[in-house]
Every structure is written in C-alpha cells, then in structure tokens.
Amino acid sequence: MRVITEWIRTVLVFYFLMLIVLHLISGEQYKKFVRFFFGIVFVLLLMQPVMRVLGKEDKLMEHVISESFWQDMNATGIDAKLWENKKNEAYKRQYEQVLAERFLEEGKKEGFFISQVRVCLNEDYSMERLVIVEELSGDGEAFCDYLIRVYGIEKGRVIVQ
C-alpha cells in the first residue's frame, strides 16, 4: 500500500510541476516541445509500477535522466543564442540613435534647418538608410549632399522628407 501511495504522490507532484512550468514558459514555440517532453515523462511515471515488477525501472530512469539532461543543454544553447540576438539588436538601436543625434547636431552646426534624422543600420552595422526630415525646403537636399561628400554615404541610401 505504501508503494502505491508513494507512486500516486510522485505522479501528482510531477503533474503540478508540469503545470507550473507550462504556465511560466512565455514562448508558444517552446510550450509544444516542453508539453511533448513532459507527456513522455508522465507516461513513463504512469508505467513505473509495471517496470518495477519487470525489473527494468532503473535502466529506464537512467535513460530518461540522460535524455532530459541533453535536452536541457540544447534548450540552454538556444536561449543563449536568442539572448545574444536581443542584446545585439539593443546595441544596434542605441548606435542608430547616437548616429542620428550626431548627424542632426552636425547639420545644425553647419547651418542646415533639419528637424529630425533617423538612421537604420544593417546586421553588420553598415548604413542601410538615413532619413532626413527638413524644416526648410531645400535644406534636406543640401544636407544630403553634405553627408554624401563628407561621410561617403551612398546617395540611394539617404532619403529626404
């Protein structure tokens, strides 16, 4: 009787743990993999009394623990890559903002009436697009020519609005 109550307690604890983990996972793409993995482990827990009678329980649990470890290692690698991409994206956004502020400040120093400059960079931090919003008609084009001459930016990448 003690073995049965212990088994039921283990199944219930695992089930509640599974519910908590599924609730905490934010990405829907991860939920289906975690749900699949937990489903397999849950079935194995349900089969545990049969395996115990057959004497195969220890080998099965060793295999499950090993697979769980390697799956966790792979998931950690994926999370690390995702974090690195988000961090790089944040750096790129900050760099775009700093460049836009610098170009706007330089344009005002040179006497151009520019109200806003927006910079968009490629993944390799090269200039994808530079948008100049002018206050006075014609100053945007003159500032565009200035940036092309001084910084060597390609003419097709500078847009005047």
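Start by selecting Lys92: with a relative accessibility of 7%, this lysine counts as buried, because the cut-off for buried is under 20%. Keep in mind as you look around that this is a predicted model.

Now widen the view a little. Lys92 sits in helix α3, which covers residues 57-109. Leaving aside residues up to four places away in sequence, show what Lys92 touches: Leu121, Asn122, Glu123 and Tyr125.

From here, move on to the sheet. Select β1, β2 and β3, and you will see an open sheet of three strands in the order β1-β2-β3, with mixed pairing. Colour β1 (114-121) and β3 (158-160) to pick out the edges: each has a single partner strand, so one side of each has no neighbour in the sheet. Turn the sheet to view its twist, which averages 15° from one strand to the next.

Next, zoom in on β2 (residues 127-134) and β3, which run parallel and are joined by three bridges. For one pair to label, try Val131, whose bridge partner in β3 is Ile159. Strands of a sheet pair through backbone hydrogen bonds, so display the backbone here.

Then add helix α4, residues 139-151. Helix α4 lies across β1, β2 and β3, and runs at about 145° to β2.

Finish at helix α1, residues 2-24. Its 23 residues reach 33 Å from the first C-alpha to the last, close to the 33 Å expected at 1.5 Å a residue. Which residues of α1 are buried? Select Val11, Phe14, Met18 and Leu22 to see them. As you look along the helix, recall that residues three or four places apart point the same way, because an α-helix has 3.6 residues a turn.

Technical notes:
Residues are numbered from 1 along each chain as its sequence is written. This is a predicted model: local features need pLDDT of at least 70, side-chain atom pairs count only at pLDDT 80 or more; totals for chains, interfaces and linings use all residues. Side-chain values use heavy atoms; hydrogens and water are left out. Helices (H or I, at least four residues) and strands (E, at least two) are DSSP runs, numbered from the N terminus. The expected span of a helix is 1.5 Å times one less than its number of residues. Buried means under 20% relative accessible area, exposed over 50%, partly exposed in between (1.4 Å probe, protein chains only). Contact means heavy atoms within 4.5 Å. Two strands pair if DSSP finds at least two bridges between them. Axes are lines fitted to C-alpha atoms, for helices over the stretch in contact, and angles run from 0 to 180 degrees between N-to-C directions.
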